[in-house]
Amino acid sequence: MRTFNILIVEDDINLNRGLVHVIKKQGYETSSAESGEQALQYIRDKSFDLIISDFKLPGIDGKQVLKAAKKYDSNIMFIMITAYGTVDTAVSAMKEGAEDYIMKPFDMEEFKLVVKRTLEKKALLIGNTRLKGQFKNKYTVENIIGASPSMAKLFKTIHHIKDSITTVLIRGETGTGKDLVARAIHYNGDRASKPYIPVNCAALNENLMTSELFGHVKGAYTGAVSDKQGVFEAADGGTLFLDEIGDIGSGLQQALLRAIETGEIQPVGSFKRKTVRARIIAATNRNLEDMVEKGDFREDLYYRLNVVTVNLPPLRERLDDVGLLAFHFLKKYSAQNKKQIDKISSGALKMLENYHWPGNVRELENIIERAILFEEDSVLSVQSLPNILKKTVSQKPRRNINSLDHMSKNHIQEVLETTGGNKTKASKILGIDRSTLYRIMKRFKI
Ligand SMILES: Nc1ncnc2c1ncn2[C@@H]1O[C@H](COP(=O)(O)OP(=O)(O)OP(=O)(O)O)[C@@H](O)[C@H]1O
Ligand SMILES: [Mg+2]
């Protein structure tokens with residue numbers, strides 16, 4: 001079960017305890033504050049889905065708590081408790097952004113109902129309509145779907161770091177949304193109107209990558225027929241996204257470190273250094289600590305990049321988000337394919353929620369996209385889901401038992417079996433390109 005995190009702010013100690021008791025019984029995480037000051041402390045330290053606060057508090061009142069909470073994280077839902085006969089207080093709270101209010105005296109059934117209604121709204125709103133219209137670009141937080149606590153924490157982190165120039169390192173397994181998050185940080189921040197330049201560091205050999213990053217002058221090497229600007233310069237004032245940073249060679253690691261440290265670059269074949277002010281976001285699915293240990297990744301560069309780390313949880317650790325994501329992709333791909341599939345059968349949903357998702361969100365997206373093509377009804381059914389999911393339906397996901405590598409290897413082998421060894425088909429199902437599949441197969445000696 002997914003748990004919401006709720007803060008109760010009420011100075012009447014008996015009522016406070018009563019509310020905490022009711023909320024806990026519903027299976028939600030609960031914190032309780034007896035004053036506005038204490039509430040603000042909590043809001044700063046923890047991540048909440050919902051705050052339920054009395055309006056009348058000694059010192060900082062409920063309205064100030066509401067304002068502070070919404071300023072801190074506009075995703076936090078808020079229910080104001082007001083006294084009988086103070087409708088104007090309730091109205092002004094709603095104007096300030098409270099989702100709902102409840103008037104004293106109330107009974108606990110009524111209270112539970114208001115909480116349930118607000119949390120349902122929260123589940124729908126997260127990553128969905130909240131920011132609609134606010135940003136024209138398609139890469140906003142609204143496209144990142146997730147209601148689990150780890151995702152709520154992620155939204156909060158994005159909010160904190162979006163405007164800063166600090167280097168960010170995004171980590172997570174393949175398909176967890178690193179690319180999506182990098183774009184969200186850029187397009188929600190101050191630099192949104194400046195360039196966002198993504199570079200895949202694994203795509204080119206070291207020489208070509210050096211010139212890609214820093215540019216070159218005419219005649220720098222055979223084939224350099226004119227000056228070429230590097231991506232560092234192209235991203236000036238904006239964001240440079242260095243994807244697969246764990247895959248760059250040692251010479252380039254050193255050059256990159258120097259560029260980040262000095263804010264200057266030197267195009268290949270040029271004596272002149274240029275100042276560049278691009279924000280660096282790097283991403284990797286590799287274990288950089290291991291690589292540092294083995295001497296494959298420079299420790300100084302590792303520390304340079306690792307100023308702020310954003311860890312993306314694998315989907316199997318937030319299986320409660322599977323339904324939400326599945327509906328999101330269902331909507332997207334049924335519209336794209338001009339189909340009217342708007343529901344998922346409970347059997348199919350269960351099957352999706354029981355799977356261990358080694359390819360993470362990308363794998364889920366691909367499975368839904370494919371299922372929509374096969375589905376003839378208006379409800380996505382078990383029949384249109386691939387066999388690979390059916391295998392795991394009766395057993396619990398094999399979480400935390402095997403190492404990740406072991407799980408990935410098994411999974412890839414299973415997929416290859418179902419495709420009769422066809423790598424193109426297998427890479428489609430896995431949601432990776434063929435060259436990545438070859439690389440992984442080589443690594444795992446499949
Ligand atoms: N939380 C999410 N909400 C909605 N879509 C998501 C989410 N996470 C990932 N996706 C989608 O899943 C796909 C894979 O995500 P993305 O490319 O960002 O993964 P990645 O971590 O960069 O993977 P890789 O390491 O293989 O490059 C994309 O189509 C992305 O839009
Ligand atoms: Mg990526």
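Me: Axes are lines fitted to C-alpha atoms, for helices over the stretch in contact, and angles run from 0 to 180 degrees between N-to-C directions. With that in hand, what makes α2 roughly parallel to α3?

Reply: This is a predicted model, in which local features need pLDDT of at least 70 and side-chain atom pairs count only at 80 or more, while totals for chains, interfaces and linings use all residues. Residues are numbered from 1 along each chain as its sequence is written, chains are lettered from A and ligands numbered from 1 in the order written, and side-chain values use heavy atoms, leaving out hydrogens and water. Now to the helices (DSSP runs of H or I, at least four residues, numbered from the N terminus; strands are runs of E, at least two). Helix α2 (residues 36-45) packs against helix α3 (residues 62-72) at about 10 degrees, the axes being 10 Å apart. Roughly parallel means under 35 degrees (over 145 is roughly antiparallel, 65 to 115 roughly perpendicular, the rest oblique), so α2 and α3 are roughly parallel.

Me: Which residues of α2 and α3 meet?

Reply: Contact means heavy atoms within 4.5 Å. On the α2 side we find Gly36, Ala39, Leu40, Ile43 and Arg44, and they meet Val65, Ala68, Ala69 and Tyr72 of α3. By class, this contact has seven nonpolar, one polar and one charged residues; Gly is counted as polar and Arg as charged.

Me: How do you know how α8 is oriented to α10?

Reply: Helix α8 (residues 206-214) and helix α10 (residues 250-262) pack at about 15 degrees, with axes 10 Å apart. That angle makes α8 roughly parallel to α10. Among the residues in contact are Met209 and Leu213 of α8 and Leu252 and Ala255 of α10. Seven nonpolar, three polar and one charged residues make up this contact.

Me: What makes Lys178 a polar contact of ligand 1?

Reply: A polar contact is a pair of N or O atoms within 3.5 Å; within protein, one must be able to donate a hydrogen and the other to accept it, and residues adjacent in sequence count only if both atoms are side-chain atoms. A polar side-chain atom of Lys178 lies 2.6 Å from an oxygen atom of ligand 1, so the pair fits the limit of 3.5 Å. A backbone N or O atom of Gly177 also fits, at 3.1 Å from a ligand 1 oxygen.

Me: What is notable about Lys338?

Reply: Lys338 has a positive phi of about 50 degrees, although it is not a glycine. Most residues other than glycine have a negative phi. Lys338 sits in the loop between α13 (322-336) and β15 (343-344).
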